[in-house]
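Work through the exercises below with the coordinates open. Each task comes with a stepwise solution.

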Amino acid sequence: EVPYCSLVRRRFKEQLEHPSVFLNLRQSLRMFGQIVVLLCVLVYGELVFCKLPSLCGEESGWKLVFNEEFDGPSLDTSVWTAQTTAHVGHTNEMQYYTPDNAKVKDGFLVITTRKELYEKKNYTSAWVDSKGKFSARFGRVCIGAMLPPGKLGIWPAHWMEPDNFDCYAGRSEIDIMEMIDGNGQIHGSLHVNQSSVNISQHCSSELLTCTSTAMRVDFTEMHEYAVEWTSTALTYFVDAEPYLTCYASQNNASRLPQRSHYVILNTAVGGLWPHAPSPDTLFPQEHLIDYVKIAQHPSLNGDVYWNSNRNQQGDASPRRRVVGPRPPVPVPNV
């Protein structure tokens, strides 16, 4: 049922991009989608037929503290920043990130990857993050997304990094989802670096690496990619099904990430891990983000942060794009 409903949404999006060519087909699909929704209501009484199984529901004491559904007219810049940067880091990527490639449309954040020359790079894409605006420590982080259908060279990712990036304090990276080269293998990973290491490269002395490629999905359909993060373990999920758990005891690691992390959504091109794009890699590519949700449980002693200000256990309201009361903006002394 879920792929059926997401197929309707995907076809709507494709036809909206080419209205003059597919006018009749667009109208037919719109009517088809309305029939599907009507059947959902008549048969089930609600739209459960079209819902993804979510790890971030409010049950057994779990509470939504963040719920971004991209239902506004544009990207909410009080929460997100679309970066302008090459940001190749140590992975030698081939794209340049620009805000023009991150748009909110039809209830999705659309990250578009293009083949075009920009700032001496042959490709452009988008990097959107909540750095300095919103972050969380512990809980369930859930991202509903439809990944780009590209072949070689396309590298979509949902991941998290600490608010205060400091190799001397110990760097961590929580990779909720990565996929390379359109192979359908979903990678969940955790990287933890030892504190007080050489920072001339990229916090090079890794203390723990935990990764898995055991989960394979039809990435052209909508799925929820999620992680449950506690002080002692991180468990990775696709559509609420676990496939990897990283424990603090693995590889002699003394601890897992304990600081708050912000969210990053991007699509890279090429680099040291995926291949370079081939002639069969079509452009533009689109990475659709339906929602970003974070749920916390009182037993986790988790925190949420607005503009680096601590706000423990925010008040949830899933109908609001962003939930939890934000701390008041400080008024400067005059």
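A disulfide is a pair of cysteine sulfur atoms within 2.5 Å. The model is predicted.

**Exercise 1.** Find how many disulfides a search of the whole structure gives.

Solution. The search returns two disulfides. One pairs cysteine 210 with cysteine 246, sulfur atoms 2.1 Å apart. That value meets the cut-off of within 2.5 Å. Cysteine 56 and cysteine 142 form a disulfide too, again with sulfur atoms 2.1 Å apart.

**Exercise 2.** Place cysteine 56 and cysteine 142, then assign the handedness of their disulfide.

Solution. Start with location. Cysteine 56 sits in the loop between α2 (23-44) and β1 (63-68). Cysteine 142 belongs to strand β9 (residues 139-146). The two are 86 residues apart, so the pair links distant parts of the chain. Next, the S-S torsion: about 85°, so this disulfide is right-handed. Finally, both cysteine 56 and cysteine 142 are buried.

**Exercise 3.** Repeat for cysteine 210 and cysteine 246: is the disulfide left-handed or right-handed?

Solution. Take the torsion about the S-S bond. It is about -90°, so the disulfide of cysteine 210 and cysteine 246 is left-handed. Now the location. Cysteine 210 lies in strand β13 (residues 206-216), and cysteine 246 in strand β16 (residues 241-247). They are 36 residues apart. Cysteine 210 and cysteine 246 are buried.

**Exercise 4.** Is proline 284 buried or exposed, and which residues does proline 284 touch?

Solution. Proline 284 is in the loop between β17 (261-269) and β18 (285-296). Its relative accessible area is 54%. Exposed means over 50%, so proline 284 is exposed. Not counting residues up to four places away in sequence, proline 284 touches Thr112, Thr113 and Arg114. The C-alpha atoms of proline 284 and glutamate 116 are separated by 9.7 Å, with these positions 168 residues apart along the chain.

Methods
Residues numbered from 1 in each chain as written. Predicted model: local features only at pLDDT ≥ 70, side-chain atom pairs only at ≥ 80, totals over all residues. Heavy atoms only, no water. Helix = DSSP H or I, 4+ residues; strand = E, 2+ residues; numbered from the N terminus. Buried < 20%, exposed > 50% of the residue type's maximum accessible area, 1.4 Å probe, protein only. Contact = heavy atoms within 4.5 Å.
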